[in-house]
Amino acid sequence: MMAARLLLLFFVGLLPVVGYAADPGIPAMSLSTDADGGQTYTLTLQIVALMTMITLLPAGLMMLTAFTRIIIVLSILRQAIGLMQAPSSQVLLGLALFLTFFIMAPVFDKIYDDALLPYMEEKIEIKEAFTVGRAPIREFMMAQTRETDIEMFAKISGNKDIQSPETLPFSLLIPSFITSELKTAFQIGFLIYIPFLVIDLVVASVLMAMGMMMLSPMMISLPFKIMLFVLVDGWTLIMGTLASSFYI
């Protein structure tokens, strides 16, 4: 009897929910055409589009900002010193993330002032906000992308209608930007690696001359590389070089 009463109460409590679900209310998805020919989407569709963009935010942060160059250089630096676990990957990711925010702050501020804030104040539609908001990102990416990389991807895609940077589609700009960032990151990493490589060669030569071939040169050279990095204030040089490389 107790189970029957609980089941009855459950169905009675479910009736308002069923009645609410049957009520059509505000249409979830609709598209209306304005007098000037523009199209207006319902708030539900705008929220769906916004949530979709949020899910793509990590990929956009890595591929469309300064993050790629920074994390690669920091990883090469850790390997050049010979410290496989210090700083840890979490520390490097956090450092790269906040340095990215520092470098991209002017771009993010411009997007907020020109696109996001007017949209939240309902001065512009979401389509216009998206068009205005991607302009600072395009300008930043164009400043860091080599023309040779753009020409290569344009040749591969067969796109010969590019007359100016404004007409360059994102489908070409994004892979060109990533390729240029990878190239720049490895160039900086190569210059960082050379001093530590010299120390390894000197230590290995000294150990071989002393007949201590069984002793690992890495174990002996590691303290000297750490001392060199600390004496030249290496972290300040690396952070300053990475930040300034986006403004040259």
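Here is a quick tour of this chain, from its overall layout down to single side-chain pairs. The model is predicted, and its mean pLDDT is 74, with 73% of residues reaching 70 or more. The chain holds 10 helices and 2 strands. Buried residues account for 28% of its 248 residues.

**Layout and confidence**

- Going along the sequence, the elements run α-β-β-α-α-α-α-α-α-α-α-α.
- If you take the contacts with a separation of 6 or more, 66% of them join residues 24 or more positions apart.
- Confidence varies along the chain: among its elements, helix α1 (residues 2-22) has the lowest mean pLDDT, at 38, and α4 has the highest, at 88.
- Read the start of the chain with that in mind, as the pLDDT is below 50 over residues 1-31. Beyond near neighbours in sequence, this stretch has 13 contacts in the model.

**The largest nonpolar core**

- This core has 38 residues, and the ones touching the most other members are I70, L74, F140, I238 and L242.
- Six helices each give at least two residues to this core: α4 (67-81), α5 (89-120), α6 (126-144), α7 (147-157), α8 (170-209) and α10 (234-244).
- The largest share comes from α4, with 10 residues.
- As general background, nonpolar side chains in soluble globular proteins tend to be buried together.
- For a close-up, try L74: once neighbours within four places in sequence are set aside, L74 is in contact with L92, L95, A96, W235, I238, M239 and L242.

**Helix α4**

- α4 is largely enclosed by the rest of the structure, because 13 of its 15 residues are buried.
- From first C-alpha to last, α4 reaches 21 Å, close to the 21 Å expected at 1.5 Å a residue.
- Right after α4 comes G82, which takes a positive phi of about 105°.

**Helix α5 and its bend**

- α5 is the one to look at for a bend: the helix turns by about 60° at M104, and a proline, P106, follows within four residues.
- The end-to-end span tells you about this helix too. α5 has 32 residues, but its end C-alpha atoms are only 37 Å apart, short of the 46 Å that a straight helix would reach at 1.5 Å a residue.
- The buried residues of α5 include L92, A96, L99, T100, I103 and M104. Further along the helix, V107, A115 and P118 are buried as well.
- In general, an α-helix has 3.6 residues a turn, so residues three or four places apart point the same way.
- E122 follows α5 and has a positive phi, near 60°.

**Helix α8**

- α8 has 40 residues and spans 57 Å between its first and last C-alpha atoms, close to the 58 Å expected at 1.5 Å a residue.
- α8 bends by about 30° at I194, and here too a proline, P195, follows within four residues.
- After α8 comes G211, with a positive phi near 80°.

**Salt bridges**

- The count comes to 4 salt bridges, and three of the pairs are described below.
- As a general point, side chains of opposite charge can pair when their charged atoms come close.
- E139 pairs with K110, with the closest N and O atoms 3.8 Å apart. This bridge links distant parts of the chain, as E139 is in helix α6 and K110 is in helix α5, 29 residues apart. E139 counts as exposed because its relative accessible area, 51%, is over 50%. K110 is partly exposed, at 39% relative accessibility.
- K183 and D149 meet in a salt bridge at 3.5 Å, N to O. K183 sits in helix α8 and D149 in helix α7, 34 residues apart, so the pair links distant parts of the chain. K183 is partly exposed, with a relative accessible area of 34%, whereas D149 is buried, at 4%.
- D200 and K225 meet in a salt bridge at 3.3 Å, N to O. Here D200 is in helix α8 and K225 is in helix α9 (residues 217-231), 25 residues apart. Both of these charged partners, D200 and K225, are buried.

Terms used:
Residues are numbered from 1 along each chain as its sequence is written. Side-chain values use heavy atoms; hydrogens and water are left out. A nonpolar core is a set of buried Ala, Val, Leu, Ile, Met, Phe, Trp, Tyr and Cys residues joined through side-chain atoms within 4.5 Å. Buried means under 20% relative accessible area, exposed over 50%, partly exposed in between (1.4 Å probe, protein chains only). Contact means heavy atoms within 4.5 Å. A salt bridge is a side-chain nitrogen of Lys or Arg within 4 Å of a carboxyl oxygen of Asp or Glu. The expected span of a helix is 1.5 Å times one less than its number of residues. The bend at a residue is the angle between axes fitted to the seven residues ending there and the seven starting there. pLDDT is the predictor's confidence in each residue, from 0 to 100.
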